[in-house]
Amino acid sequence: MKYIFASDIHGSAFYCRKLIERFKESGAKKLILLGDILYHGPRNDLPKEYAPKEVMTMLNEIKEDIICVRGNCEAEVDQMVLEFPCMADYAVLNINDLDIFATHGHLFNTDNGGRNLPPIKNGDILIHGHTHLPVAEKFVSEDGEKSIYWLNPGSVSLPKENNPNSYALLDNELFTIYDFDGNIVKEIKLRG
């Protein structure tokens, strides 16, 4: 089974449209959004074609295909206009027999040597957005007690550190981060 992971749309109708196109082309079962959907946030410049109402309409049209967690830019008003749940801080998923902790990244992350990790087991997967940086690697906590897979699809609309606009595809156990031209940004085989 295939699943698309994306984060940090930040109200960009241009990149939301591209993301939905990639989702439909991929044949993925679900689009998993890792927060910061409508608002650009006070630290960010306006993304290309900033139009939160258009983003809302496009996503509501595929609401049955979306799993979403709350980002640090989401507010209760966003839940009033989005027709799918978007206010949970995390989702615990079992996809293709992989245990995945999906979150935005502002609460649970690998910062501080792993002291901000969620309660997950060795070999589990932490996926989050928030940093706007693509990541696909194994992570071992500073104390050596946790060894997990750490994934981040990057940012759909506002990438940082000269990274491309990106999203990720999980195809069985292969996690691949793509730019919107179809180029592979990063890739990792989970449990491989």
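**Exercise 1. How many salt bridges does a search of the whole structure find?**

Solution. Start with the term: a salt bridge is a side-chain nitrogen of Lys or Arg within 4 Å of a carboxyl oxygen of Asp or Glu. By that rule, a search of the whole structure finds nine. Before going on, please note that this is a predicted model, where local features need pLDDT of at least 70 and side-chain atom pairs count only at pLDDT 80 or more, while totals for chains, interfaces and linings use all residues. Residues are numbered from 1 along each chain as its sequence is written, and side-chain values use heavy atoms, leaving out hydrogens and water.

**Exercise 2. Which residues are linked with Arg17 in a network of salt bridges?**

Solution. Step one: the side chain of arginine 17 meets that of glutamate 49 in a salt bridge of 3.3 Å, N to O. Arginine 17 lies in helix H1 and glutamate 49 in the loop between E2 and H2, so this pair ties together parts that are 32 residues apart in sequence. (Helices, H or I with at least four residues, and strands, E with at least two, are DSSP runs numbered from the N terminus.)

Step two: arginine 17 also meets glutamate 54 in a salt bridge, at 3.4 Å, N to O. Glutamate 54 lies in helix H2, so this pair joins parts 37 residues apart in sequence.

Step three: put them together, and Arg17, Glu49 and Glu54 form a network of salt bridges.

**Exercise 3. Is arginine 115 buried or exposed?**

Solution. First the cut-offs: buried means under 20% relative accessible area, exposed over 50%, and partly exposed in between (1.4 Å probe, protein chains only). Arginine 115 has 61% relative accessibility, so it counts as exposed. Its salt-bridge partner is glutamate 142, at 3.5 Å, N to O. Glutamate 142 is exposed too, because its relative accessibility is 63%.

**Exercise 4. Which elements do the buried residues of H1 pack against?**

Solution. Begin with the helix itself. Its expected span is 1.5 Å times one less than its number of residues; for the 14 residues of H1 (residues 13-26) this gives 20 Å, which agrees with end C-alpha atoms 20 Å apart.

Next, find the buried residues, among them Phe14, Leu19, Ile20 and Phe23. Now look for contacts, meaning heavy atoms within 4.5 Å. The buried residues of H1 pack against strand E1 (2-6), strand E2 (30-33), helix H2 (52-60) and strand E9 (166-171). Just after H1 comes glycine 27, with a positive phi near 75°.

**Exercise 5. Which side chains have a polar contact with histidine 104?**

Solution. Locate histidine 104 in the loop between strand E5 (98-103) and helix H4 (111-114). Its relative accessibility is 0%, so histidine 104 counts as buried. A polar contact is a pair of N or O atoms within 3.5 Å; within protein, one must be able to donate a hydrogen and the other to accept it, and residues adjacent in sequence count only if both atoms are side-chain atoms. The side chain of histidine 104 has such a contact with aspartate 36 at 3.1 Å, and with asparagine 72 at 2.9 Å.

**Exercise 6. In what sense do E9 and E10 pair?**

Solution. Two strands pair if DSSP finds at least two bridges between them. E9 and E10 have six bridges and pair in the antiparallel sense. One bridge sets alanine 168 against isoleucine 177 in E10. Two residues separate the strands of this hairpin, and asparagine 172 in the turn has a positive phi of about 55°.
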